[in-house]
Amino acid sequence: MGSHGLQSILPATATLVLILTGCSQDDIRTYSAPKEAPAAGAPAGEPMPATEATATETVRWELPKGWAERPGEGMRFATLLLEPESNPPLELRVTPLALAARDPLANINRWREQIGLGPIGPADLDRVARSVDIAGRTVHLVDMTGVAHANQPVRRILAAILPGDQQVWFFLVMDEPERIGQYAAAFEAFMLTVRVEHAVVASELPLGHPPLEAGGAGPATDPGSMAGASAPGDNPLHWTTPSGWVESQATNPSRLASMSVVDGAYRAEVTITRFPGAVGGMLANVNRWRGQIGLQPVADLAQQPIEGIEIDGVSAQLLEIHAAGAAQRLLIVLIPREDFTYFVKMTGDEALVAKQHNTFVQFARGIHFDHGAS
Amino acid sequence: MSGSPIRALIKPLASLRLTVALLACSIFLIFAGTWAQIDMGIWTTLGTYFRAFFVWIPFRIFLPRHWDVPGGIPFPGGWVIGGLLMINLVTAHAVRFRYNRKRAGILLIHFGLILLLVGELVTGLKAHESRMSIDEGQTVDFAEDTRSVELVIIDPSDPARDWVVAIPESRLHQGKLIHDTRLPFDVQVEAYFHNAELFEGAQDVATSAATPVANSGFAVELGAHARPRPPSSGVDQDEIDLPAAYVSVLKDGRNLGTYLAALYFTLVPRFGLQDVQVGDKTYRMALRYVRHYKPYSISLLDFKHDRYLGTETPRNFSSHIRLVDPTHNENREVLIYMNNPLRYRGETFYQASFKQGDGGTVLQVVRNPGWLLPYVACTVGALGMMLQFGTHLLRFIRRTRTA
């Protein structure tokens, strides 16, 4: 090879490195992509394997003549086109949100900001919103006209806030006042036809499960099974609620259940949550829980007793977090299953949680998973 | 060549002592990189220790963590050690080795080693891995890079296709204002957490004044907040980082709202994209895995998860797919199973995982322009060894006969 060979190798190597390192991945990219399918996976019409039961609160209405309906995408449940032929379209958006978002005032003020109006207080609520009874539910009908602001033209909003049992439903149309004005009466007439229903999508029922009828069991009437309760999404868990525990609405998407226990002046809350992955590892979780009841973090897990417990054939862990003098006590069962970690947690006044220990363990042992989801 | 200035310059580079020192350094680097995985994920470690020029090795990685020993040492990273090893080998050939038939075996072995080093260089810089996650009956035309996220702003106004502007994770620094003509509005990054946990309720927010509060989007609807969490480490099995960002949308200098964009929202099918209202126009926003759209699509016809009879032990995973590529007139069915990947248009699709309830498949999509190099390197090295040991054996037999 000799020095000649060397002289050719070094520049060649340098060029190779330069070519290989030449591209940067730090740039903003733009691209055109096919329309996003609705979030739930398989395209419409394609058969899905029967896996999990999904309780879904839905709404039904009578579509006024001349309007058109499009299925929603992402957060939106549906889009109604009031003038199907016109461009730009006049869209009535139907969006369900978690019940936590049901406060009419907060929503009205959010909309007011969008059309250039200042916020209002509770005393002014009746001025911009009217309460009407629609099939036993108190619906707020909102009609507001904004002002021109920040290069935005004047816009008018017609909206309705319909509280369901699992979600709150928003109906909203916003455009120029003249255009909206023609639909004020039609919007109210349309809202009077809207009904909240509970349906389980037949193709998502577990194998061998009998079909459920639309408008059937309401939420929380069957506390032992989330198939009829407040699951905001898929929920493969079943359990039996111990006597004395009261089940309530789960308002967080990661929360599969909420229950409360009251004994005299003492209170405790039981939650079942689900998160993807191992959620920070055991030590991080233990320290987070310790922090919640005002305890110092521990350096290693040897300082925290962890008991093994079997939940529906899955090896789970039981932890009790407490300390002398602490006002609160925590009982936690961690169930690692598939791609998720399930947390069954009781938080509350020291004396009550200590007293409920056996009930809690028995409750946790009684949890079982949908076999269709395994 | 003897006495030439180049030779004098490169002679130290060709030294055998340097070889030994570099091999010792690489052993130490691997040792440190292994310990580092207690705190860092495998890919972070790979990037920090091995695919880096220099690395700061903290002392505490070798010690129980609660000792909290400060300090560390700077150390050459994988690129430097590998690069020097290659230079060392090449220059050794240039200045020390003499070429004759007897040394052909050694030459081949060294050539194989050089190819192996070049192969790692090409893989480190050019290989790209992503995942295609497909439900049974679903057709997918993009792969996701599950090691990096991007903030996407989508303009859905075209009824046929979405227009997507994607801001890479590297641009999402706290306090940074992202102004770009391709974006429909400016994006102010209020906070970015590489790994975050979401929680609900307001009481925790008061304790953390540094965390911004969202006033629009999912966070408001759910009463959710995000707080930083340590990155998942190489010893935590099955754990993933869940990045989250608080971003404000600015138009003409006016703040139109602060949103919480979180990968968690993207992974939970119920959420997906959140709406961002700018004037009359609704955009969509999400923090999601970096997507690479393909000019072809893959439909999952059937996924099989075979188990050994009477047990839950997996025997085989296989994906029966249909590959459709109009630009190449491809429309065929393929069976992908373990050790039988599909190779198509420079990419290899391996059976990697499956979805809950066996309802879908996860394919690992690997594009590695250097994928052949390790095979060639090993073959060349093996040939070299056969030649080298064969020559020695023949010489030995000849000597024995003569004796």
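User: Why is B:Asp252 called exposed?
Analyst: In this predicted model, B:Asp252 has 9 other C-beta atoms within 10 Å. The cut-off for exposed is 12 or fewer, so B:Asp252 with its 9 counts as exposed. The residue sits in the loop between β10 and β11 of chain B. Its phi is near 50 degrees, a positive value in a residue other than glycine.

User: What makes A:Ala135 exposed or buried?
Analyst: Let's use the cut-off again: 12 or fewer neighbours means exposed. A:Ala135 has 11 C-beta neighbours inside 10 Å and therefore counts as exposed. The loop that holds A:Ala135 runs between β6 (129–134) and β7 (137–145) of chain A. A:Ala135 also has a positive phi, about 50 degrees, although it is not a glycine.

User: And how do you know that B:Leu263 counts as buried?
Analyst: Buried takes 20 or more other C-beta atoms within 10 Å; B:Leu263 has 22 such neighbours, so it counts as buried. The residue belongs to helix α8 (residues 263–267) of chain B. Beyond four places in sequence, its contacts are B:Val149, B:Leu242, B:Pro243, B:Ala244, B:Leu287 and B:Arg288. Take B:Ala244: along the chain it is 19 residues from B:Leu263, yet their C-alpha atoms are separated by 6.2 Å.

User: Which residues have the most contacts inside the largest nonpolar core?
Analyst: They are B:Ala244, B:Ala245, B:Leu260, B:Ala261 and B:Ala262, in a core of 47 residues. Strand β13 (residues 281–307) of chain B gives the most to this core, with six residues. Apart from it lies another core, of 31 residues, including A:Val261 and A:Tyr342. Back in chain B, the residues that B:Ala245 touches more than four places away in sequence include B:Leu151, B:Val189, B:Ala261 and B:Leu287.

User: What makes β10 and β11 of chain B a pair?
Analyst: At least two bridges are needed for strands to pair. Strand β10 (residues 244–251) and β11(B) have eight, in the antiparallel sense. In this ladder B:Tyr246 stands opposite B:Leu260. Both strands belong to an open sheet of four strands, ordered β6-β7-β10-β11 (chain B).

User: Why are β6 and β11 of chain B called edge strands?
Analyst: Each of them, β6 (177–178) and β11 (254–262), pairs on one side only.

User: How do you know that the buried residues of α8(A) are on the same side?
Analyst: The residues in question are A:Phe360, A:Phe363 and A:Ala364, in helix α8 (residues 357–365) of chain A. They cover an arc of only 95 degrees around the axis, which puts them on the same side of α8(A). An α-helix has 3.6 residues a turn, so residues three or four places apart point the same way. On the face turned away from this buried side are the exposed A:Asn358 and A:Gln362. The cover over the buried residues includes β15 (306–311), β17 (328–337) and β18 (340–349) of chain A.

User: Which elements of chain B have the lowest and the highest mean pLDDT?
Analyst: Helix α6 (residues 203–207) is the lowest, at 39, and strand β2 (residues 72–76) the highest, at 95. Over residues 202–208 of chain B the pLDDT is below 50, and beyond near neighbours in sequence this stretch has six contacts in the model. Where pLDDT is low, the predicted coordinates should not be read in detail. For chain B as a whole the mean is 86, with 93% of residues at 70 or more. The model scores ipTM 0.72 and pTM 0.51.

Note on methods. Residues numbered from 1 in each chain as written. Chains lettered and ligands numbered in written order. Predicted model: local features only at pLDDT ≥ 70, side-chain atom pairs only at ≥ 80, totals over all residues. Core = buried A, V, L, I, M, F, W, Y, C linked by C-beta atoms within 7 Å. Helix = DSSP H or I, 4+ residues; strand = E, 2+ residues; numbered from the N terminus. Contact = placed C-beta atoms within 7 Å. pLDDT = per-residue confidence, 0-100. Arc of directions from axis to C-beta.
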